[in-house]
Structures are given as structure tokens and as C-alpha cells.
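Welcome! Please take a moment to look at the sequence and the model, and then read on for a short guided tour.

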Amino acid sequence: MNSQTESEENHLSHTPNVPSEPLTIVIGAGLAGLTCGFELAEKGKPVLVLEAAPYVGGRTANWNEHGMEVESGFHKFIGYYTLLPELLERAGIELNDMLFWEKTMEARHPEAKESGEFGLDVIRAPLKTVLGALGNNSYLTPADKASLISFFAAGFKDYLANPEDLDEISLKDYAERHHVTQQALDRILQPLSSGIFFLPPEQYSSYAFFGLFAPGIPRLHKMRIGAFSGGMTDVMCRPLADAIERLGGTVRTSAPVKSLIVEKESVIGVELENGERLLSANVVVAANIRRSQKLLAEHFSAVSAFQPFFELDAMPHVTAQFELQQPLLAQDRTTFGPGTQLGSFGEQSRTTFRGKDGRTSIILVDPDSLVDLPEEEVWQRTVESLKAIGLNGVDSAMEYRIIRGDENFYRLSPGSEKKRPKQVTPIPGLFLAGDYTKQPFLATMEGAVISGQRAARGILKA
Ligand SMILES: Cc1cc2nc3c(=O)[nH]c(=O)nc-3n(C[C@H](O)[C@H](O)[C@H](O)COP(=O)(O)OP(=O)(O)OC[C@H]3O[C@@H](n4cnc5c(N)ncnc54)[C@H](O)[C@@H]3O)c2cc1C
């Protein structure tokens, strides 16, 4: 089944390898779609990646937003990821050129006398790491720490032994069950849930909470955090797309897909918003969750295997990014703002946005309450929160942008795990990729890569 339309055949004939094997179309050039495209191209399979936006990267992207360079949001590369770095290496992208490794993290609470500092580099700064975990006496009392130790021990045990049960209980309820002190909940668990996946502990699945940290336990020596050394499209996703093209594949931007083409209950291609119809042997839907649900629902709303997926909820994300006359913070490192509207944030003028005098990116918590507010109001709340933790330097902000997305993430709330779909579907010719699909690394870059690789493996086996 390798019948492309005339226009598409013309398009592919510009690539080094004119396809002699069945074509795969991948919808979406986020990390999942790019990974799938790369894996197939590396095996010599013809692949065409179609991206709606004018740039590749999806949620790991940077672009110019009305005159200011912005990113999809504040991102950290966790040192225990394995498949993402291995993929980048095969694509010729040097990890140490792409990242700056951070040595410490910080948490600032409006009511704490001092901020908490936590070491990250077990191998290179072991003393600081251990002191960070056990120290911070003005941030956490010995009782807070003791309650956290037994909570984490129980959680990691349940993560391995009873993952389904763990996904039925919110982080707040699980913390209460294990007698975590209120202060430890407010100052440690709240930033580690809201700061990372935006949701407050009462809405956050305990499975998602422990699932993010569990893979790090056997790889504790790899537990460090990397900041990008440039915009994520520039240093990661565009080079990955270039690698696909060097291998004979094609990546088209500004090419939004309107619908799947289905014949005799098999997917045989896609129709673009501009009316172009492209036929292929396989289609990988690697769009964000809501768009993927819509593409599937148009043809397969009655397929019972997809019903849980159609019920999987999505959540928005909201970020504030701004440029200042001088750095807001003394170091470029991950900072949490528990007790405020600030999830995780960081100064970036020495790392991701070098060349700026001051540059900060913030993930805001409780995005449901912010996603529809006017930009000025979101900015006002951001400024108030920064001042509440002593960061008055925000007054020198010259430009700001509020960057938000309303349907990109699956909601990491209790009960979501069993609704996540597998990458290989019961429909001939149809595969799924995306962080929301079933894989152990939740809504992360590593998870997106795993999903893309599983979709590619499904195609290679079919
Ligand atoms: C603010 C923020 C902070 C984050 N922080 C971290 C972090 O610190 N560490 C970490 O590991 N992960 C982090 N993540 C998560 C990480 O970015 C995602 O898990 C990952 O990028 C998801 O990749 P994906 O390919 O599954 O989806 P996406 O990146 O969403 O890609 C989907 C692509 O499909 C395209 N598309 C949609 N519809 C169509 C259509 N009809 N036709 C063609 N194309 C279409 C979209 O434009 C998009 O490019 C963060 C995400 C955000 C937003």
C-alpha cells in the first residue's frame, strides 16, 4: 500500500532516497513524532513528518513571540533519562553542548526565614547533596524530615507493589495517610507536585508523584538536572529534524493535518487543512492529546478499545517569561515557589537565553484558574508572587509574554493511568505516539521519546 498523491510524490522526490518501501506519515513534530520519524528513517524506512506549527518541537520549542524570544516553558533534563540522550547521540547531537548541569536547586517560601537549598550532583558534589537533604533546618524541622522519610519509603514500595492502587489516591490523601506534617506538605510536596506538573497535591495522582522519582533510585548517581544551553528547537528539535532529513526522511512545518483518511476500517493517509490528501501505509498520530482524541473520534468514536482514551482528561499549562535590565537571581538554577503562584522557575540569562541582561521563565501553578484570564492579570499575579518571596527585581522587567497551552497535557490526576492508550492500536495502519500514551515516564521528554520508539517498533514489526 504505497500510493502517494502526485503532490506528495513530487515532494518526496527531492529527498536523497526516493521511497521504494511503504511510507509512514507522522502527525506532529514534537519529541514523540520526531523520535518516531528518526527511528524509522534510521532503518531506511520512508517517513514524512507533518507539523502544524511553523517550527518543530511542540512543547519543547522556542520561537519569536511578537518580538521576544520565548520557549514553550521552563524545562529541565533529568540526569537519569537514558533513551533521550541515547537517541540524541545517534542523531549527532552532543549532550554536553546542549545542556548546562545544575549543582543545586532552591525553594523559597514566603513564610520561611531562609530559602531551602538542595544539592543535585551526588557524584560531583556529594557533600552538598547529603547536607542539602539533611540540612535546611530553618526550612524544615526534624519532625518534618522524619515524616517525609517514612512517606517516601512507603510510596516507593507501593509504586512497585500496588501501582494501580497508588493511582487511585491523591498525593494529599496519601501524605495524610502517612502522617506527613503540614509544613512538609506545604514546603516540599506542594512544590514537587505543582512545581513540576502544575497540579496541587489534592488533584495530583500519587502514582505520578512517585513515578517521576522512582526511576532515579537505581540511578541515584545520575541524579542531576540539566538546563538547555539555547532554545529547545534550536539546540535539540531542529537538529533532530535535520538528522531525519539526512537519513532520507522529510519534515514539513506549517502543514496542519485536518483528518485521517479511512477506508474499510483501515487508516490509509491524511488530509491537510489546505485540502492536500496524502496516502501512506501507516499513520502515526503524534499530536497533543486533545488533537489526537479529535482525529481519532471522527472515525473511531464507537471503537471500544479507545473509550478509556477518549475519557482521558487534558490540562492546560501557563507560563510567564520576561526580560529584565539585570538578572533576577544570582544563579541560573531551578527554583520552586511553594505557597505562591510560582511553580518552578529560573534565571536563564547565563544558560538558555544568553545574551540577555536578565531573563526569567516561570511555570505557574493552578493553570485551570489562569488559562482564560487576560495577560495583564496573569502578569500581575506573577509579580505579586515574586515580591512575596523577596524578588523585587521584577520591577525592572522590560518585556513579558504569557505563553499558555490549553490541551497539551494529559491530566496527572488520580485514575488517569488506566486510560492511557498503547502506541499500537487495533486499527490497521494507525499508531499513536505522545507523552500521554502508555509508558512509564509520565508527561516528560523521556516519556515522549519512549512513545515514539514504541510506535516505530510497532510499524517495523507490522
Ligand atoms: C511548561 C512545560 C514545562 C515542561 N517541563 C519539562 C521538564 O522539565 N522536563 C521534561 O522532561 N519534560 C517537561 N515538559 C514536558 C515535555 O515537554 C513533553 O512531555 C514533551 O515535549 C511532549 O512531546 P510530544 O511529542 O508528546 O507532544 P508535543 O510536544 O505536544 O507535540 C505534539 C506536536 O503535534 C503538533 N500538532 C498538533 N496537532 C497537529 C495537526 N493537526 N497536524 C500536525 N501537527 C499537529 C503540535 O504542534 C506539536 O508540535 C514540560 C512541558 C511544558 C509545556
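The tour below visits the ligand, the aromatic rings and one glutamate.

This is a predicted model, in which local features need pLDDT of at least 70, side-chain atom pairs count only at pLDDT 80 or more, and totals for chains, interfaces and linings use all residues. Residues are numbered from 1 along each chain as its sequence is written, and side-chain values use heavy atoms, with hydrogens and water left out.

**The ligand**

Let us start with the ligand. Around it are 35 residues, of which E51, H75, K76, Y81 and D435 come nearest; a residue belongs here if one of its heavy atoms lies within 4 Å of the molecule. The table lists polar contacts (pairs of N or O atoms within 3.5 Å) made by oxygen atoms of the ligand.

| Residue | Partner atom in the residue | Distance |
|---|---|---|
| L31 | polar backbone atom | 3.2 Å |
| E51 | N or O atom in the side chain | 2.6 Å |
| G58 | polar backbone atom | 3.4 Å |

On its own the ligand has 1000 Å² of accessible area, and the protein covers 93% of this; such areas come from the Shrake-Rupley method with a 1.4 Å probe. Helix 2 (31-42), strand 15 (314-324) and helix 15 each give two or more residues to the shell around the ligand. Helices (H or I, at least four residues) and strands (E, at least two) are DSSP runs, numbered from the N terminus.

**A glutamate in helix 15**

E446 is found in helix 15, which covers residues 445-461. Is E446 buried or exposed? With a relative accessibility of 1%, E446 counts as buried, because buried means under 20% relative accessible area, exposed over 50%, and partly exposed in between (1.4 Å probe, protein chains only). Beyond its neighbours within four places in sequence, E446 is in contact (heavy atoms within 4.5 Å) with residues including Y81, T82 and F441.

**Aromatic rings**

The whole structure holds 27 aromatic pairs. Rings of Phe, Tyr and Trp (its six-membered ring) pair if their centres lie within 6.5 Å; planes under 30 degrees apart count as stacked, over 60 as edge-to-face and the rest as tilted. The rings of F152 and F209 are tilted, because their planes lie at 35°, with centres 5.9 Å apart. This pair joins helix 6 (residues 142-161) to helix 10 (residues 206-213), across 57 residues. F209 is buried, at 0% relative accessible area. F309 and F310 form a stacked pair, since their planes are at 25° and their centres 6.0 Å apart. F309 is buried at 1%, whereas F310 is partly exposed at 22%.

How values were computed. Polar contact = N/O pair within 3.5 Å; in protein donor to acceptor, adjacent residues only side chain to side chain.
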